[in-house]
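Biologist: Got a minute to go through this structure with me? I have some quick questions.

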Amino acid sequence: MRKPFSFFNSKKRFFGLFAIIFAVFAVVIGRLVWLQIVRGEDLGKQSMSQAMGTDVMYSPRGAIVDCNGEELAVSIMAKSLYVDPLEMEDRPGSDVAKTGRNVKRLAADLLAGPLGISAESLYSDFTTEARFIWIKRTLTPDEADTVTRIIKENKIPGLHFLEESKRYYTKKSMAAQILGFVGTDDKGLSGIELALDSVIKGAATRQEEMVDALGRPMGESGLNATRPQNMPTVYLTIDSKIQFVLEDALDRAMQETKSKAASAVLMDPHTGAVLGMASRPTFDPNDFGEYPSSTWTNRAISIIYEPGSVFKPIVGCMGLSENIITPQTLFNDAGSIKIADRVIRNWDGEGRGYVPFEDIIKYSINTGMVQLGMQLGARQMTDYSKKFGFGQPTGIELPGEESGILYNPEDMYEPDIATMAIGQGIAVTPLQMLRAICAIANGGELLKPYIIDKIVMPDGRVLREGKKEVVRRVISEDVASQMRTMMEKVVSEGGGKPAHIAGYQIAGKTGTAEKLAEQGGYAPGEYIASFVGFVPAANPQYAMLVMLDTPQGAFYGSQVSAPVFKDTLQQILVAKGVQPSTHEGLPSFEEHGKDTKAAKVPVMEFLPDGKVKVPDFTGLDMRQTAELVQRGHLVLVPYGSGRAKKQSLAPGTVAAEGTKLEIWFE
C-alpha cells in the first residue's frame, strides 16, 4: 500500500539537494579563488611558458677577404637536424597510428642513407629520454631537402631543423694556414678564425613566439621581433693573386725537390705588411678533419730551424755597426778554421787567401764570418740578435707563433760563438728571419709584421686598421746601404745567381744549414735550404724568404730555394707593373721583329674540364698579360719589358692549370 504524500519529507529532500548544490558551488568558488587569486600569478606564468616558445636565430660569421676585397672565407646559413625523442610518437587515432608502425625504427631506417649515419646509431638517439639531441650539423642543401621530404611524406614527428652558420673557404687550400678553420658551434680553432673568433663569430638572437601544444610555431607572433646581427668583415694584407703565384711556385718546388716541408713569406719591407704566406704540406679547411693535424701548422711562424748562411748579413751588420769592419776589410781565408776543439770549413772546402769582407758575404765564406764572430763576442752577437727581433715573437696577429732560441751569452763557449756567426746554434722562424732582412732593405728599421689590413663593420665603420709600426731602429741607414750593396753582389756575381731576374737588381743571400734532429744534435744528411732577398735592390718593394725542409738530391739554397724566389717575384714584378731598372740581358727588338702596335685584350676561354684555351697575347702590355695569365691559373715566365711579342704556347693551345707560359716583351 502506497504511503501518503508527506510535505515534510519533500522539504527535507529539497534542503538536502540545495545543500549539495551549495557545497558544489562553494567548492567551485573556492577553487576559482585558489586558482585566480592565491595561485593566479604563478599559473599565469606557467600558461605563458606553455604558449610561448623561444626561437634562436644565428647570424653568419663575418667574412674574411683579401686586400682587394676578394672573398676567402664566407658563411652561409645551413640547416642542422635535431630530435626530441619524446615527441617521436604518432598521435592516437591518427591514420599512421592505426598502422601500428614503430615510428622511431622507421625514421632510423629511412634517414640512415641520406645522412650517412648508421640506422642503429640513429635508433639509439631516438630511444633516449633526452629532449634535445643533435643528429647532424650544417647539412648540405641536398641533404636538407631529402630529409625534409622524408619527414613530410612519412609524417614523422619529433625531428626539427635549426639554422646555423656554415663556413665556406672559396679558394679551398689557398692560404689555409693563414685562415685556419672553425669547428662546431661556429668556434674558430686555428689561424685568423681563432685569433679573431670573438670579433667575427656569428651572434645568437633569441626571439619569443606563440607555439601549439607540441611546441610548434604558430605564425608570426611579433613579440620581441629582432633581426640577427651582421658581423664585421676582416680584410687581410694578403693579395690573392700574389698568394696564388707564391703557392704555385712552392708546389712545383716541393714536387721537383721532394722536400718534406716548405714555407715562404712575402712582405712589404717598408710597412711590415705580409703580402703572401705559404706553408707545405697543406690542407683544405672545408674538410680539415680529413687531413693530418701536422698540415694545419703554419710553418712560417710555428716552426724553428737553424737559418745557416742567410744569417750572415745580420752578423755583417753587427760588424759594420761596431766599426770592426768595412766592406773592404781583408780576411785570411784558409778554407777552414779551428776554434778550440772545433774545425769549421767552407761549404766547398776551398780557401781564397786574403779577401775583402764583401767577398765573404758574396761567396758565403765561413772562415771569414767565424773571425768576425770571434771579434764581436758572445755578448754583442746576442744583444744585436735580440735587437733584430730574434728570440721573441714578432707579434703578428696569428696564433701559435714561436719565439725561437738564443743562447745565454754567459753559457756560450768559443765554438758556440763561431757557429752562431755562420747561422748555426741559433733557431729562428721564417718570419723572424725575413723581418730582420727587411730592416736591411728599408734602411735600418725593425718593423712589426701585420696581416690584418682592417676590420670593417657592416655600416662602413672601421673597427681596427693595420698600419706600419716601427719597433726600433737596429742599424743606421749607412750600414743598411752597405749591406744592400753586398747582398746585390751575391745575386749578380756570387752564389745567388739562380735568383737573378733579367732587368732587375736583386739583393739576396743563400743559406744551407744542417737540420736539427728531434732527439738532439743534427740529422745526418738532412738540410734546410733557404734563400732570402728583396727587389729592386736600390729601392726594395718586395722582400721574400723561401725555406725548403730536407730536399732530396740537390740541397743547397742556391740550387733549390733561389729558383722559387725568382719564379715568384718575376711574375709579381710584371703583374704589378714594376719596370726593369736595366735592359741588359733582355731580348732586342731585332730578335723578334714584330710590330709594337697595341692589341685589344683577348678573352681567356675556359673549357668544361677546367682547362683553358691560350689566347694571342701579342701587343698586350705586361700588366694586361699578367692579369690574363693569372685569371687562367697559368704560370707566367716573362722576359724583357714593353709589349708582348712572342709566346711559348701558340694561340689556341689547350692548357691545364699551372702550365708554364713563357712570353717575351719589347
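Biologist: Start with C67. Is C67 buried, exposed or partly exposed?

Modeller: Keep in mind that this is a predicted model. C67 is partly exposed, because its relative accessible area of 30% falls between the 20% and 50% cut-offs.

Biologist: And C438, buried or exposed?

Modeller: C438 counts as buried, at 3% relative accessibility.

Biologist: How many disulfides are there?

Modeller: The count comes to zero.

Biologist: OK, salt bridges then. How many?

Modeller: There are 28 salt bridges.

Biologist: Pick one. What does R61 meet in a salt bridge?

Modeller: The side chain of R61 meets that of E193, at 2.8 Å from N to O. R61 is in the loop between β1 (52–58) and β2 (64–65), while E193 is in helix α8 (residues 191–195), so the pair ties together parts that are 132 residues apart in sequence.

Biologist: Are R61 and E193 buried or exposed?

Modeller: Both R61 and E193 are buried.

Biologist: What about D197? Which residue does D197 form a salt bridge with?

Modeller: D197 pairs with R61, and their closest N and O atoms are 2.8 Å apart. This pair also links distant parts of the chain: D197 sits in helix α9 (residues 197–200) and R61 in the loop between β1 and β2, 136 residues apart. D197 is buried, as is R61.

Biologist: Which residues are linked in that network of salt bridges?

Modeller: The network links R61, R167, D186, E193 and D197.

Biologist: Switching topic. What does K489 form a salt bridge with?

Modeller: K489 bridges to E358, with the closest N and O atoms 3.3 Å apart. K489 belongs to helix α17 and E358 to helix α13, and they are 131 residues apart.

Biologist: Buried or exposed, those two?

Modeller: K489 is partly exposed, because its relative accessible area of 21% is not under the 20% cut-off. E358 is buried, because its 13% is under that cut-off.

Biologist: Tell me about α17 itself. How many residues does α17 have, and how far does it reach?

Modeller: Helix α17 (residues 477–492) has 16 residues. From first C-alpha to last, α17 reaches 22 Å, close to the 22 Å expected at 1.5 Å a residue.

Biologist: Which residues of α17 are buried?

Modeller: The buried residues of α17 are V479, A480, M483, R484, M486, M487, E488, V490 and V491.

Biologist: What covers the buried residues of α17?

Modeller: The cover includes three helices and two strands: α12 (312–321), α13 (357–362), α16 (430–441), β18 (507–516) and β19 (522–535). Helix α13 is also where E358, the salt-bridge partner of K489, is found.

Biologist: Now E143. Where is E143 found?

Modeller: E143 is in helix α6 (residues 141–154). E143 is buried, because its relative accessible area of 18% is under 20%.

Biologist: What does E143 touch?

Modeller: Leaving out residues up to four places away in sequence, E143 touches P114 and K136. In addition, a polar atom of the E143 side chain lies 3.0 Å from the backbone nitrogen of T140.

Biologist: Last topic, strands. How do β11 and β12 run?

Modeller: Strands β11 (residues 336–339) and β12 (residues 342–345) run antiparallel, joined by four bridges. S336 has R345 in β12 as its bridge partner.

Biologist: What lies between β11 and β12?

Modeller: Two residues lie between them, and the strands form a hairpin. In the turn, A340 has a positive phi of about 55 degrees.

Technical notes
Residues numbered from 1 in each chain as written. Predicted model: local features only at pLDDT ≥ 70, side-chain atom pairs only at ≥ 80, totals over all residues. Heavy atoms only, no water. Buried < 20%, exposed > 50% of the residue type's maximum accessible area, 1.4 Å probe, protein only. Polar contact = N/O pair within 3.5 Å; in protein donor to acceptor, adjacent residues only side chain to side chain. Contact = heavy atoms within 4.5 Å. Expected span 1.5 Å × (residues − 1). Pairing = 2+ DSSP bridges. Salt bridge = Lys/Arg side-chain N within 4 Å of Asp/Glu carboxyl O. Disulfide = S-S within 2.5 Å.
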